[in-house]
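Hi there,

I am passing a structure on to you, as promised. Please open it alongside this message, and my notes come right after.

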Amino acid sequence: MYVYKETTSTSKETWLFELIKELLIQNFGFDTPHLEDHVEIRDKNYRKRQQSKKYWLKKFKEELDSVPNNPVLIEISSWKLALEQMKASNAGLDIVAESERLIGVKDLNDLPALRLQQISEWATTSSTYLTDYRYLSSKKTNQIKKAIETDLHFIVADIIDKHDLTNAVDVQPHGLIEDVVFAEKSTNLKIRMELDEITNKQTYFDDYEISDNEFLRTIIKVEDGDFLLADKSLTKSLDGTDRDIIFYVLSQKDESFYTDRTITVDISKLVSKAYNSSGVKNYVEIEKRLRKIRSFGFQAVIKKKSEKARSGSADWSIFDSVVINSNPNGRRYAEIVIGTYFHQQYINQQTVKIYRDSLNSIEGNISKILVHALQKERLERYVQGNQFIDIFPLSYFLRKVRMDKRKTEQNMKKIQDALEEFKSLNFLIADYKRLHSSFEISFIPLTHTEMHDFFDQAEPPIQLTFPIQTELIGE
């Protein structure tokens with residue numbers, strides 16, 4: 001009514017979409033390197049709204065007493081004319097009853113008191129907007145524009161906060177997707193020891209066979225083999241719970257991550273994420289798992305016939321260090337330094353994006369591991385303009401999930417169950433077909449919203465054109 005201009009080229013839906021998008025970019029920092037604090041924006045606009053409502057109530061009272069042509073008197077004149085016309089067209093009409101039904105008063109002389117009561121309630125109610133003001137059209141154009149901007153900023157910030165939209169898109173580095181880091185469930189590693197003839201240091205490692213010609217080496221970063229006997233978790237593969245912990249930690253990165261690779265995590269929130277329970281036992285287990293993840297290093301996939309594993313050193317680690325402390329209130333938190341390999345992938349945007357609510361709907365352990373890998377395939381087909389259908393052999397999946405490569409039929413069944421879950425959720429996969437030892441997969445094409453959320457390039461920071469104003473929306 002007040003902002004949208006009717007044109008032949010832009011629908012109301014498109015116009016509103018572009019308006020909100022522009023607001024998110026200019027005032028909230030979306031699509032820029034620096035995301036603004038939406039809670040601060042919401043709180044500032046809430047205070048501005050409440051103060052302005054009180055000011056408008058004060059002005060309304062003054063107008064009732066001193067302005068001859070105030071909005072209520074104009075409304076009374078309009079209702080008088082309307083009631084007279086109704087009476088003229090229906091002589092038997094009970095005007096008093098009709099006035100009470102339509103307006104809320106039997107006598108129009110009582111309307112000023114009713115409106116004052118209603119506007120007082122509006123001004124003191126925390127959930128009402130400036131644009132809910134009954135006589136908004138009586139305000140000046142600039143006041144109306146500021147009122148709409150204030151309400152829009154609050155509504156958008158409140159939605160972002162309620163639905164955790166700053167974390168609506170999950171972003172994971174390629175390294176956690178391309179290499180067989182995770183197993184469906186915790187399994188024993190086949191730990192072996194190797195002695196470096198030059199340094200005389202012992203290296204403990206496990207070689208996971210991907211195929212007859214390839215393996216991934218996991219290096220357990222301990223100084224003494226006795227640690228392996230004391231802490232049996234170091235002899236277990238990374239499982240679904242470890243994966244949840246790693247992905248949650250990475251979701252908590254902020255601007256400091258890009259400068260010093262550090263992420264600070266509240267242990268209590270990590271416990272809730274991994275176990276849905278806050279028992280003391282789970283706190284101990286989480287801290288043990290964090291140290292376990294820190295102790296694991298990996299070497300790139302090695303080809304048995306043409307390459308040789310390098311003794312002693314890992315090519316990459318997920319966590320380089322984990323330091324757990326308590327704040328003065330006793331709350332436990334972890335300061336985690338992410339491995340350089342993954343840090344660089346975030347810097348270079350070698351990542352896969354996916355909606356977090358879609359991830360939360362997945363239940364199968366294999367599905368949770370495969371989802372990012374299949375999303376990567378889907379996104380790459382969009383970028384390269386390829387068809388959204390392809391054939392994936394069993395060997396493809398064995399490079400993503402740790403499984404016993406000797407149990408071919410069992411592995412095929414597990415993969416099929418995962419694909420069936422995606423299909424039933426109408427997520428990633430439109431359809432699939434099992435062939436002999438492979439799957440033909442038809443991916444769901446990207447939606448318009450996904451194209452915007454996953455591929456809009458970040459622009460340099462934009463100067464705000466609608467500054468967050470603290471002044472009242474007065475005259």
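Below is what I found, going through two sheets, a pair of helices and a salt bridge. Please keep in mind that this is a predicted model.

**The sheet with E5, E9 and E8**

Three strands make up an open, antiparallel sheet, ordered E5-E9-E8. Its edges are strand E5 (262-266) and strand E8 (319-326), each of which pairs on one side only. From one strand to the next, the twist averages 20 degrees. Strand E9 (residues 332-338) runs antiparallel to E8, and seven bridges join the two. If you want a spot to zoom in on, Val322 stands opposite Ile336 in E9.

Two helices go with this sheet. Helix H11 (residues 267-275) packs on it and touches E5 and E9, with its direction at about 75 degrees to that of E5. Helix H12 (residues 280-295) lies across E8 and E9 and runs at about 155 degrees to E8.

**The sheet with E11, E13 and E12**

Here, too, three strands form an open sheet with antiparallel pairing, in the order E11-E13-E12. Strand E11 (389-393) and strand E12 (429-434) are the edge strands, each pairing on one side only. The twist averages 25 degrees from one strand to the next. Five bridges connect E11 with strand E13 (residues 438-443), and these two strands run antiparallel. Ile389 stands opposite Ser442 in E13.

H15 lies across E11, E12 and E13, at about 55 degrees to E13. H17 packs on the sheet as well, touching E12 and E13, and its direction makes about 155 degrees with that of E12.

**How H15 meets H17**

How do these two helices cross? The axes of helix H15 (residues 365-384) and helix H17 (residues 408-424) come within 9 Å and cross at roughly 70 degrees. H15 is therefore roughly perpendicular to H17. The crossing is right-handed. On the H15 side, the contact is made by Ile366, Ser367, Leu370, Val371 and Leu374, and on the H17 side by Lys414, Ala418, Leu419, Glu421 and Phe422. By class, that contact has seven nonpolar, one polar and two charged residues.

**Salt bridges**

The count of salt bridges comes to 34. One to look at is between the side chains of Glu62 and Lys59, at 3.7 Å from N to O. Both residues lie in helix H2 (residues 38-66), three residues apart, about one turn of the helix.

Happy to talk it through whenever suits you.

Best wishes

Methods
Residues numbered from 1 in each chain as written. Predicted model: local features only at pLDDT ≥ 70, side-chain atom pairs only at ≥ 80, totals over all residues. Heavy atoms only, no water. Pairing = 2+ DSSP bridges. Helix = DSSP H or I, 4+ residues; strand = E, 2+ residues; numbered from the N terminus. Axes fitted to C-alpha atoms, helices over the stretch in contact; angles between N-to-C directions. Contact = heavy atoms within 4.5 Å. Parallel < 35°, antiparallel > 145°, perpendicular 65-115°, else oblique. Left-handed = near helix turned anticlockwise from the far one by under 90°. Nonpolar A, V, L, I, M, F, W, Y, C, P; charged D, E, K, R; others polar. Salt bridge = Lys/Arg side-chain N within 4 Å of Asp/Glu carboxyl O.
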